[in-house]
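Please look at the sequence and the structure shown below before reading on. The report that follows takes up aromatic rings, a helix, and the spaces enclosed by the chain.

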Amino acid sequence: MIKKQSNFDVKTTLDRLENIAQEKGATIIARVNHANAAAKNGMHLRPTEVLFFGNPKLGTPLMQSNQLAAIDLPMKVLGWEDEQGKTWLAYNSPKMTFEDYNIRDQDAKIEQLVNVLDYFTEIATSD
């Protein structure tokens, strides 16, 4: 798992991530606010959100190699506030994730996913 500390709160960080993803042509699939769901059920959870986004040009070739890869697509990034009030982003390493599916013919697409996630999360977390 890759983790990056953000200079912003969770909402702002995920807003920034969503914006850069859209600007670069990714489709936003869903944004899940776990803290709001907890609050609606009378429970407390520090800010915790997950953004799901993808691009069929990157994901489809992986699923063509092994349809089981669809369980880990589209990509998702978690934003949360820790016990000290720091905001973090985390996501699974595409290299590790798709290695589990024994996908050997899509190294270039996997490397693109690595670069895209790194780039998007750097912009989302930094000034």
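Which residues form one aromatic cluster? The model is a predicted one, and in it Phe53, Tyr119 and Phe120 form that cluster.

**The aromatic cluster**

A search of the whole structure finds 4 aromatic pairs. In one of them, Phe53 and Phe120 are tilted, with 5.9 Å from centre to centre and 45° between the planes. Because Phe53 lies in strand β3 and Phe120 in helix α5, this pair ties together parts that are 67 residues apart in sequence. The rings of Tyr119 and Phe120 have centres 6.2 Å apart and planes at 55°, so this pair is tilted as well. A pair of aromatic rings is described by the distance of the centres and the angle of the planes.

How much of each of these residues is accessible varies within the cluster, as the next sentences set out. Phe53 is buried, with a relative accessible area of 3%, and Phe120 is buried too, at 5%. Tyr119, on the other hand, is partly exposed, with a relative accessible area of 40%.

**Helix α5**

Phe120 belongs to helix α5, which has 19 residues and reaches 27 Å from its first C-alpha to its last, close to the 27 Å expected at 1.5 Å a residue. Where do the buried residues of α5 lie around its axis? The buried residues are Ile110, Leu113, Leu117, Phe120, Thr121, Ala124 and Thr125, and because they cover an arc of only 120° around the axis, they are on the same side of α5. An α-helix has 3.6 residues a turn, so residues three or four places apart point the same way. The face of α5 turned away from the buried side carries the exposed residues Asp107 and Ala108.

**A pocket and a cavity**

Helix α5 also takes part in the lining of the largest pocket, to which β2 (27-33), β3 (48-54), α3 (56-65) and α5 (107-125) each supply at least two residues. This pocket has a volume of about 280 Å³, and of the 22 residues that line it, the closest to its centre are Ala26, Gly54, Asn55, Leu58 and Leu113. Leu113 is thus named twice in this report, being one of the buried residues of α5 and among those closest to the centre of the largest pocket.

The structure also holds 1 cavity of 30 Å³ or more. Its lining is made up of Asp72, Pro74, Met75, Lys76, Tyr91, Asn92, Thr97 and Phe98, and the elements that give two or more residues to it are β4 (75-81) and α4 (94-99). The table sets out the volume and the lining classes of each space.

| Space | Volume | Nonpolar lining residues | Polar lining residues | Charged lining residues |
|---|---|---|---|---|
| Largest pocket | about 280 Å³ | 14 residues | 7 residues | 1 residue |
| Largest cavity | about 70 Å³ | 4 residues | 2 residues | 2 residues |

**His34 and Glu49**

One further residue may be looked at on its own. Is His34, which is found in helix α2 (residues 34-40), buried or partly exposed? His34 is partly exposed, with a relative accessible area of 35%. Although His34 and Glu49 are 15 residues apart along the chain, their C-alpha atoms are separated by 5.8 Å.

Definitions and conventions
Residues are numbered from 1 along each chain as its sequence is written. This is a predicted model: local features need pLDDT of at least 70, side-chain atom pairs count only at pLDDT 80 or more; totals for chains, interfaces and linings use all residues. Side-chain values use heavy atoms; hydrogens and water are left out. On a 1 Å grid over the protein atoms alone, a cavity is a set of points where a 1.4 Å probe fits but cannot get out, and a pocket is an open set with protein on both sides within 12 Å along at least five of seven lines; lining residues have an atom within 4 Å of a point. Grid points are joined across faces, edges and corners, and a volume is the space filled by probe spheres set on the points. Helices (H or I, at least four residues) and strands (E, at least two) are DSSP runs, numbered from the N terminus. Ala, Val, Leu, Ile, Met, Phe, Trp, Tyr, Cys and Pro count as nonpolar, Asp, Glu, Lys and Arg as charged, and the others, Gly among them, as polar. Rings of Phe, Tyr and Trp (its six-membered ring) pair if their centres lie within 6.5 Å; planes under 30 degrees apart count as stacked, over 60 as edge-to-face and the rest as tilted. Buried means under 20% relative accessible area, exposed over 50%, partly exposed in between (1.4 Å probe, protein chains only). The expected span of a helix is 1.5 Å times one less than its number of residues. The arc is that of the directions from the helix axis to the C-beta atoms.
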